Amino acid sequence: MDPPKNGEEKSEKDSDNEFRKTLNETLERLRKLPTTAEEMKLPIEQKSLSNIYIKLCNALKVPVCSIFLSSIESESMDLSYQCVGPLGIIAVTKALIPCQTVKDLNLSYNQLGPKSLRYVTSLLNNNENITRLNLRCNEINKSSADQLRDLISACHSVEFLDLAENNLGDEEFMEIAAALAKIDRTKELNLSRNDAGPDCGLVFGSLINKCSALEKLDLSHNHFETGAAGLFGTFKKSNLKLLDFSHNGINDMIIPDIAKGLRANKTLQVLDLSSNHVTNKGIVDLSPAFKKCSTLEVLQLNNNPFHGPGASAVLNSIGENMKLLDLSGIKGNLNFEKTMAKYKKSGRAVKVLYGSKIRHDLLPRDYRQQRDDSIDESNALVYAQRLADEKGLSLKNVFKGIHASFLVQKTEEASQSADEDTKKDDKDEVRKMSVDDFAKGLMSSPLAPPKAISVELANALSVDETVNLWDVIPRIKWRPDDLAAKAKVKKQEPPPKKSKDKKKKK
């Protein structure tokens, strides 16, 4: 063979060098590629989680929960009322440790007990995907402060935590607040229907108000009473937007502390103080603080023992941002009604719920209630029926009574007249009443509307300046209360029978 020429040798060397260079670059790229499932961020097969859970249930000899198996691939897992128990929670928590899908875990009403909290704590320490945890009504009870402290300390990713209906006491409340202040991540906390008393109020309040991330706090149905002063004493530091303090035995003694806290707070939007023991004296002292709390939008004061002047003081003190004022079950007074009429006229976007509306017979004679519409022929009977409904009367019977009184009066006047021809002429017109006569009859009737309303009704029901009730009464729609309003006719008892013995004696 002929030896290769110099040019061919150079070309072969160049190609070899390029090949080696390309090979080295490729190998370098392969070395940099992720090699583990964690580095590749590959999702764990959900079937393996199901197998893990089933094997754990078989080992612990507890029934397999079908809801668990069907919820692994979803973000929300609702295991409430599933009788998980202290053994079943072991299988649930260990199987959920590698799960990357479930974010909302509901374990309420499962009788877990305080010892089960360590398994939930282990889950939270190893799984940072869970953001909502519900442990309501699980018989955690008192003497569980240490377990709760460890649980809260593991809530690095939990934004919603529900521990309601667990019979937690003062020590547990203080430990929860202290642990939350260190993490400062939870946004919503529900501690309602527990057994916290006034002794923990100061410590719990000062610690919980340090939680800058906390926005919603439910403390309803506890026994804070005078201990509520501790919470509102440091309320200036709080960033709460919603506070539910209903059913806590709050009375007039701590109203100054509550008022001081509300004046200083600049974030609160919803406040619930319903079903407490605040009287007229207390609510009058508290009302000015509602206007100072400029961010307040929803205020619930229903089912408190104040009324009249107290309700009027609250209504006059609400701020411009108020959207809902709940005074359900609380009576107003005349000033309350006047303020309500002003709000409607000004167009303020505030909804007021209150009980026992003021009736017309409780108002002065000359007071005319503000109305959005005027009385005319089309709505006169509807308006009159509304007045009758407020007093529980039958409108038909009221009009019949007015007509009967008018007939008696006309009959007496006719009997005093000596001219018999005029008596015959009056019989044709006796059923017609003048506008003034009908208005006077309305005012003196059980309906008793104010004079201005009586005159308006009379004019609206008149034809040719007269009111013919024989034509008006049939137009009133029949209602069931017409029967109830009728007087019951007493049955006449038959005369006693004469005894046969007396006849024989005669």
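Reading helices, loops and confidence in a predicted model

The axes of helix H13 (residues 309-317) and helix H14 (residues 334-346) come within 8 Å, crossing at roughly 25°.

Q: Okay, how do I turn that crossing angle of H13 and H14 into a description of the pair?
A: Bear in mind that we're looking at a predicted model. Angles under 35 degrees count as roughly parallel. With a crossing of roughly 25°, H13 is therefore roughly parallel to H14.

Q: And is the crossing of H13 and H14 left-handed or right-handed?
A: H13 goes past H14 in a left-handed crossing.

Q: Which residues make the contact between H13 and H14?
A: From H13 you have Ala311, Ser312, Leu315 and Asn316. H14 brings in Asn335, Phe336, Thr339, Met340 and Tyr343.

Q: Let's move to H5. What span should its residues have, and what do the end C-alpha atoms give?
A: Count 1.5 Å a residue, using one less than the number of residues. Helix H5 (residues 85-96) has twelve residues, so it should span 16 Å, and its end C-alpha atoms are indeed 16 Å apart.

Q: Is H5 mostly covered or mostly open, and which of its residues are buried?
A: Mostly covered: nine of the twelve residues in H5 are buried. Walking along the helix, those are Gly85, then the run Gly88, Ile89, Ile90, Ala91, Val92 and Thr93, and finally Ala95 and Leu96.

Q: What should I look for in phi, and where does Gln111 fit in?
A: As a general idea, most residues other than glycine have a negative phi. Gln111 isn't a glycine, yet its phi is positive, about 55°. You'll find Gln111 in the loop between strand E2 (104-106) and helix H6 (117-126). Gln111 is exposed, its relative accessible area being 55%.

Q: What about Asp184: what is its phi, and where does it lie?
A: Asp184 has a positive phi of about 55° too, despite not being a glycine. Its loop runs between helix H8 (170-183) and strand E5 (188-190). Asp184 is partly exposed, with a relative accessible area of 25%.

Q: What does pLDDT say about the chain, and where does it stay under 50?
A: Where pLDDT is low, the predicted coordinates should not be read in detail. The protein chain averages 83, and 83% of the residues score at least 70. But pLDDT stays under 50 over residues 483-491, where the model has four contacts beyond four places in sequence. Residues 502-506 also stay under 50, with zero contacts beyond four places in sequence.

How values were computed
Residues are numbered from 1 along each chain as its sequence is written. This is a predicted model: local features need pLDDT of at least 70, side-chain atom pairs count only at pLDDT 80 or more; totals for chains, interfaces and linings use all residues. Side-chain values use heavy atoms; hydrogens and water are left out. Helices (H or I, at least four residues) and strands (E, at least two) are DSSP runs, numbered from the N terminus. Buried means under 20% relative accessible area, exposed over 50%, partly exposed in between (1.4 Å probe, protein chains only). pLDDT is the predictor's confidence in each residue, from 0 to 100. Contact means heavy atoms within 4.5 Å. Axes are lines fitted to C-alpha atoms, for helices over the stretch in contact, and angles run from 0 to 180 degrees between N-to-C directions. Angles under 35 degrees count as roughly parallel, over 145 as roughly antiparallel, 65 to 115 as roughly perpendicular and the rest as oblique. A crossing is left-handed if the near helix is turned anticlockwise from the far one by less than a right angle, and right-handed if clockwise.
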